[in-house]
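Here is a friendly walk through a protein model, meant to be read with the structure open beside you. Please have a look first, and then follow the notes by topic.

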Amino acid sequence: MSVGPRATPSIRPRLLAQTAVAALISALLLSGGPAAAQTYAFESVQVGGNQRIESGTILTYAGIVRGEPVTAGELNAASQRIRESGLFESVELVPQGNTLIITVTEFPTINRISFEGNRRVNDEQLAGVIRSTERRVFSPSQAEADVDSIIEAYVTEGRVNAQVTPKIIRRADNRVDLVFEIAEGGVTEIGRISFVGNRDFSDRRLRGVLETKQAGALSFIIRSDTFVADRIAQDRQLLADFYMSRGYADFAVQSVDVALTRERDAFGITFNVVEGQRYRIGEVTLSSAIPEVDTARYRDAIRLGRGTVYSPVAIDNEVTRLEELGFDEGIAFLRVEPRITRDERNGLLNVEFAIVRGPRVFVERIDIEGNTTTLDRVIRNQVQQVEGDPFNPRAIRASADRIRALDFF
């Protein structure tokens, strides 16, 4: 819809003007002149201009007590308290003899909220990110916060140059239409992804690990070449998984620098990494704090050998195998803790698999939710634990894998 000549050009300039007026009044009242020294004592307080807000509510905000002396500075403070309630567009306190006249103009009610200029993000998506609501009191500060939320929605779409202007259209009965005018701007692509600190793997190899991609010839098809802040955390984890699985136990992403080009048409992303040295497995031992455990049998179940490239996945597989062995033998609450010590000189990680007694936790109840067409018993048949069993995290994870393997979900 067209905003038309009755649209208020912008909310922010009017807010700034109101703030400037309030500051000027405060300066005049508190400047130390005769007005600042004058005191009043009001026998009555009259409130006008309010339609929805009760007069008693306004008097509570003002905090003026009938018959008690009040200075000009205290009147100004009362005016500020009423204004800071966020319910009124303007507030005026005028002494008339022994009567205080409080005149307010209430913020209008929002009649309708609309969006203009949006093509890439539809109205339903934008309505979901703002907090202004139709048939509720209009708040300029909330409208400005909604602008930030809309811009953030566009940033996640790779459009960091999007501009949003809130405007209001006055209607009858102290109502307004709130219009967000949007200039979406173009997609800001990833111009370059680079790495600092990598020695053993090239930038090109590491770029292939990331979810985020550099813009290229297929940019019109590949959406992962636009900048999404949330994707950076995933990329950090992908890099860590890549290095850890190849023996780099000390790998870390120290920081990720993201910068726009001067033309604001592309991002440059730099990953600052510390590779550390590459480790292999050294001595592999096993210990047990549970008397009924046959350590020789558990030691024979370990497949991890000396000289193997270190990988957290390989360690976790051994832990799973040993705990499943304890589960099969009926040893309740058996847990395996991998304890790793570094031999940096020789580039080795010595691993001790410590068998310990875990916390005595039982399965009290198993609830199945979200299945609308599949019967509970079909899912329960894949669960390796039942009510009353000792809680076993490995059995829970295995049950989840079995449920996924059904390909029903």
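The notes below go through a sheet, a loop, and a helix with its surroundings.

Please keep in mind that this is a predicted model. Among its features are an open sheet of three strands, a loop with positive phi values at aspartate 173 and asparagine 174, and a nonpolar surface patch that includes Ile396.

**The three-stranded sheet**

- Reading across this open sheet, the strand order is E3-E6-E5, and the pairing is mixed.
- The edges are taken by strand E3 (44-48) and strand E5 (88-96); each has a single partner strand, so one side of each is left without a neighbour in the sheet.
- From one strand to the next, the twist averages 15 degrees.
- E3 pairs with strand E6 (residues 99-106) in the parallel sense, over five bridges.
- To find this pairing on screen, you can start from valine 47, whose bridge partner in E6 is isoleucine 102.
- Helix H4 (residues 72-84) lies across E5 and E6, and the helix runs at about 155 degrees to E5.

**The loop between E8 and E9**

- Strand E8 (163-171) and strand E9 (175-183) are joined by a loop that holds aspartate 173, and asparagine 174 lies in this loop too.
- Aspartate 173 has a phi near 60 degrees, which is a positive value in a residue other than glycine.
- For asparagine 174, phi is near 55 degrees, again a positive value in a non-glycine residue.
- Are these two residues buried, partly exposed or exposed? Aspartate 173 has a relative accessible area of 68%, so it counts as exposed, the cut-off being over 50%. Asparagine 174 is at 24% relative accessibility and counts as partly exposed, because that value falls between the 20% and 50% limits.

**Helix H12 and the surface patch**

- Isoleucine 396 sits in helix H12 (residues 393-405), and serine 399 has its place in H12 as well.
- With a relative accessible area of 36%, isoleucine 396 is partly exposed.
- Together, Val361, Phe391 and Ile396 make a nonpolar surface patch of about 220 Å². Isoleucine 396 can be part of such a patch because its 36% is over the 30% required of patch residues.
- Serine 399 is buried, because its relative accessible area of 4% is under the 20% cut-off.
- Which residues does serine 399 touch, leaving aside its neighbours within four places in sequence? Serine 399 is in contact with Gln382, Val383, Gln384 and Gln385.

Methods
Residues are numbered from 1 along each chain as its sequence is written. This is a predicted model: local features need pLDDT of at least 70, side-chain atom pairs count only at pLDDT 80 or more; totals for chains, interfaces and linings use all residues. Side-chain values use heavy atoms; hydrogens and water are left out. Patches are made of residues with over 30% relative accessible area and no salt bridge: like charges are joined within 9 Å, nonpolar side chains (Val, Leu, Ile, Met, Phe, Trp, Tyr) within 5 Å. Accessible areas come from the Shrake-Rupley method with a 1.4 Å probe; for residues, only the protein chains shown count as cover. A salt bridge is a side-chain nitrogen of Lys or Arg within 4 Å of a carboxyl oxygen of Asp or Glu. Helices (H or I, at least four residues) and strands (E, at least two) are DSSP runs, numbered from the N terminus. Buried means under 20% relative accessible area, exposed over 50%, partly exposed in between (1.4 Å probe, protein chains only). Contact means heavy atoms within 4.5 Å. Two strands pair if DSSP finds at least two bridges between them. Axes are lines fitted to C-alpha atoms, for helices over the stretch in contact, and angles run from 0 to 180 degrees between N-to-C directions.
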